[in-house]
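Hi,

Here is the structure I promised to pass on. Have a look at it first, and then read on for what turned up.

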Amino acid sequence: MKLFQIIKKDLKILIRSRLSALIVLLGPLLIVLLVGMAFNSSSVNNIKIYTYSCSYSELSNSLVDALKDQQFSVNKVNSENECIDSIKTGTSHICIVMPPDLSVKENTTNEITFYVDNSRVNFVYLVINEVNKKVSLQSKELGKTLAQELINVINNAEVKLIDTK
């Protein structure tokens with residue numbers, strides 16, 4: 001009972017002074033809002049991506065354009081060391097090193113290397129997802145082209161067989 005009376009007395013004191021009531025009610029909300037804004041890192045608009053390749057192919061240029069379309073800040077640099085150093089100095093968040101003449105062809109191994117600022121590791125998966133989408137789209141287009149060429153060869157062989165018959 002004494003605890004209830006103490007709480008009742010404290011609430012009466014708080015209610016009497018409107019300023020203290022406002023501070024007690026709105027203070028924690030304001031603190032939560034400020035902390036949330038300080039640690040908000042879900043925006044992708046301010047992510048800086050540096051890319052490097054010895055020679056940019058059509059596919060690597062389309063990958064860079066796809067990243068630009070996704071509201072990333074993308075810059076091409078002149079050397080791999082410059083790209084990696086940009087991560088260390090904090091001028092970029094992600095460094096993408098692409099192999100020269102990147103293409104989607106059979107029996108070729110193309111490895112794209114990502115260097116990341118440790119404070120933005122979660123954004124790498126966004127970038128990898130965008131690159132993966134673009135590469136798979138190019139791969140599908142190439143597969144359709146190869147399938148169409150194969151159908152044309154089969155049709156030509158069929159016509160030649162009928163003619164020779």
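Before anything else, a word on burial: a residue is called buried if its relative accessible area is under 20%, exposed if over 50%, and partly exposed in between, using a 1.4 Å probe and protein chains only. Keep in mind that this is a predicted model, where local features need pLDDT of at least 70 and side-chain atom pairs count only at pLDDT 80 or more, while totals for chains, interfaces and linings use all residues. Residues are numbered from 1 along each chain as its sequence is written, and side-chain values use heavy atoms, with hydrogens and water left out.

With that rule in hand, take Ser62. Ser62 comes out as buried, because its relative accessibility is 14%. You'll find Ser62 in helix H3, residues 58–69. (Helices are DSSP runs of H or I with at least four residues, strands are runs of E with at least two, and both are numbered from the N terminus.) What does Ser62 touch, once its neighbours within four places in sequence are left aside? The partners are Lys134 and Gln138, where contact means heavy atoms within 4.5 Å.

Next, helix H4, which I'd look at for a while. H4 covers residues 80–89, and its buried residues are Cys83, Ile84, Ser86 and Ile87. They span an arc of only 150° around the axis, so they sit on the same side of H4; the arc is taken from the directions from the helix axis to the C-beta atoms. Turn to the other side of H4 and you get Asn81, Lys88 and Thr89, which are exposed. So what do the buried residues of H4 pack against? Three strands: E1 (48–52), E3 (94–97) and E4 (113–116). Right after H4 comes Gly90, with a positive phi near 90°.

Just ahead of H4, the loop that runs from strand E2 (73–76) to H4 holds Asn78. Asn78 counts as exposed, because its relative accessibility is 69%. Its C-alpha is 8.2 Å from that of Ser53, although the two are 25 residues apart along the chain.

Now the cysteines. How many disulfides are there? The count is 1, taking a disulfide as a pair of cysteine sulfur atoms within 2.5 Å. The bond joins Cys83 to Cys95, with an S to S distance of 1.9 Å. Since Cys83 belongs to helix H4 and Cys95 to strand E3, the pair ties together parts that are 12 residues apart in sequence. The disulfide is right-handed, because the torsion about its S-S bond is about 130°. Are the two ends buried or exposed? Cys83 is buried, at 0% relative accessibility, and Cys95 is buried too, also at 0%. Cys54, on the other hand, is in no disulfide: the nearest cysteine sulfur belongs to Cys83 and is 12 Å away. Cys54 is exposed, with a relative accessible area of 59%.

On the surface, Leu22, Val24, Leu25, Leu26 and Leu29 make a nonpolar patch of about 500 Å². Of these, Val24 is in helix H2, residues 18–38, and counts as partly exposed at 45% relative accessibility.

Last stop, helix H5, which takes in residues 121–164 and includes Glu141. Glu141 is partly exposed, at 43% relative accessibility. Its C-alpha is 20 Å from that of Ile128, with their positions 13 residues apart along the chain. Val159 also lies in H5 and is partly exposed, with a relative accessible area of 46%. How far is the C-alpha of Val159 from that of Leu30? The separation is 79 Å, and the two are 129 residues apart along the chain.

Cheers

Technical notes:
Patches are made of residues with over 30% relative accessible area and no salt bridge: like charges are joined within 9 Å, nonpolar side chains (Val, Leu, Ile, Met, Phe, Trp, Tyr) within 5 Å. Accessible areas come from the Shrake-Rupley method with a 1.4 Å probe; for residues, only the protein chains shown count as cover. A salt bridge is a side-chain nitrogen of Lys or Arg within 4 Å of a carboxyl oxygen of Asp or Glu.
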